[in-house]
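Trainee: Could we go through this protein together? I would like to learn how to read it.
Mentor: Certainly. Please open the sequence and the structure side by side.

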Amino acid sequence: MVAHMASGSVADFCVVEIADESGRLSRVASEDLEDGHCDELCAAVGGWPEDDGNWAVAKAMREHQVIVLDVPELPADDFGTALRSMGARSVVVAPMRVRDRSIGVLVLGYRRHDGPEIDTGLAEELARRAAMAIDNARLHAEAQRAIQAR
């Protein structure tokens, strides 16, 4: 739902990636105004955040801060190449934090520089709310499993 709402109103595309217990990222949602999908980007973001191609994702999760990237300046790794192939000019990587830990990232992409300045506060708030919703869903599922186990 967050990816769908953010794509178009906040950014041109949005990807939501969640870390499992081992720290491996996987896509839970994506939306792109132009293509309707972000497969190349999701492949570059997904996996282990410490991989070379995911340095921005790893940094956002490790340092618990929003990172703004100028895509033309990015290295020619999988992440930068995927963003350029989508026509992105700027990207925001916001850690999704809940209870003082990062559980994933929200990636917002912009194809134009002529629009309004990127609102990192809004990206941070979207990521926080998405993290809270995901954490609540996990807690609810755990509670349901505990009830069924009785």
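Trainee: What joins the side chains of D135 and R99?
Mentor: A polar contact of 2.7 Å joins them. Please keep in mind that this is a predicted model.

Trainee: Is D135 buried or exposed?
Mentor: D135 is buried, because its relative accessible area is 5%, and buried means under 20%.

Trainee: Where is D135 found?
Mentor: D135 is found in helix 5, which covers residues 120-149.

Trainee: Which residues is D135 in contact with, leaving aside its neighbours within four places in sequence?
Mentor: D135 is in contact with V98, R99 and R101. As for V98, its C-alpha atom and that of D135 are separated by 7.2 Å, although the two residues are 37 apart along the chain.

Trainee: Which other residues of helix 5 are buried?
Mentor: Besides D135, the buried residues of helix 5 are A123, L126, A127, A130 and A131. A general point helps in reading such a list: an α-helix has 3.6 residues a turn, so residues three or four places apart point the same way.

Trainee: What span should the 30 residues of helix 5 have?
Mentor: At 1.5 Å a residue they should span 44 Å. The end C-alpha atoms of helix 5 are 43 Å apart, which agrees.

Trainee: What caps the N-terminal end of helix 5?
Mentor: D119 does so: one of its side-chain oxygens lies 3.1 Å from the backbone nitrogen of G121.

Trainee: Back to R99, then. Where does R99 sit, and what phi does R99 take?
Mentor: R99 belongs to the hairpin of strand 4 and strand 5, which has two residues between the strands. There R99 takes a positive phi near 50°.

Trainee: How many bridges join strand 4 to strand 5?
Mentor: Nine bridges join them, and the two strands run antiparallel. One bridge pairs V91 with G109 of strand 5.

Trainee: What else pairs with strand 5?
Mentor: Strand 1, residues 13-19, pairs with strand 5 in the antiparallel sense over six bridges. G109 appears here as well, as the bridge partner of F13.

Trainee: How many of the ten residues of strand 5 are buried?
Mentor: Nine of the ten are buried, and strand 5, residues 101-110, is thus described as mostly covered.

Trainee: What about strand 3? Which way do its side chains point?
Mentor: The side chains of strand 3, residues 67-70, alternate. I67 and L69 point to one face and are buried, whereas V68 and D70 point to the other and are not. Strand 3 is joined to strand 4, residues 90-98, by four bridges, and these strands run antiparallel. The bridge partner of I67 in strand 4 is V93.

Trainee: New topic: the largest nonpolar core. Which of its 24 residues touch the most other members?
Mentor: They are L41, F79, L83 and V93. The elements that give two or more residues to this core are strand 1, helix 2, helix 3, strand 3, helix 4, strand 4 and strand 5. Helix 3 gives the most, with four residues.

Trainee: Which residues does L41 touch, not counting those up to four places away in sequence?
Mentor: L41 touches F13, V15, F79, A82, L83, M86 and V107. There is also a second, separate core of 18 residues, which includes M96, V98, I103 and L108.

Trainee: Which residues of helix 3 are buried?
Mentor: In helix 3, residues 55-63, they are A56, V57, A58, A60 and M61. Just after helix 3, H64 takes a positive phi of about 55°.

Trainee: I also noticed D12. Is D12 buried or exposed?
Mentor: D12 is buried, with a relative accessible area of 8%. D12 lies in the loop between helix 1 and strand 1. A polar atom of the D12 side chain lies 2.6 Å from the backbone nitrogen of R111.

Trainee: Finally, how many helices and strands are there in the protein?
Mentor: There are five helices and five strands. Read along the sequence, they follow the pattern α-β-β-α-α-β-α-β-β-α.

Trainee: What share of the 150 residues is buried?
Mentor: Buried residues make up 44% of them. The protein exposes about 8,100 Å², and carbon and sulfur atoms supply 50% of that area.

Note on methods: Residues are numbered from 1 along each chain as its sequence is written. This is a predicted model: local features need pLDDT of at least 70, side-chain atom pairs count only at pLDDT 80 or more; totals for chains, interfaces and linings use all residues. Side-chain values use heavy atoms; hydrogens and water are left out. Buried means under 20% relative accessible area, exposed over 50%, partly exposed in between (1.4 Å probe, protein chains only). Two strands pair if DSSP finds at least two bridges between them. A polar contact is a pair of N or O atoms within 3.5 Å; within protein, one must be able to donate a hydrogen and the other to accept it, and residues adjacent in sequence count only if both atoms are side-chain atoms. Contact means heavy atoms within 4.5 Å. Accessible areas come from the Shrake-Rupley method with a 1.4 Å probe; for residues, only the protein chains shown count as cover. The expected span of a helix is 1.5 Å times one less than its number of residues. A nonpolar core is a set of buried Ala, Val, Leu, Ile, Met, Phe, Trp, Tyr and Cys residues joined through side-chain atoms within 4.5 Å.
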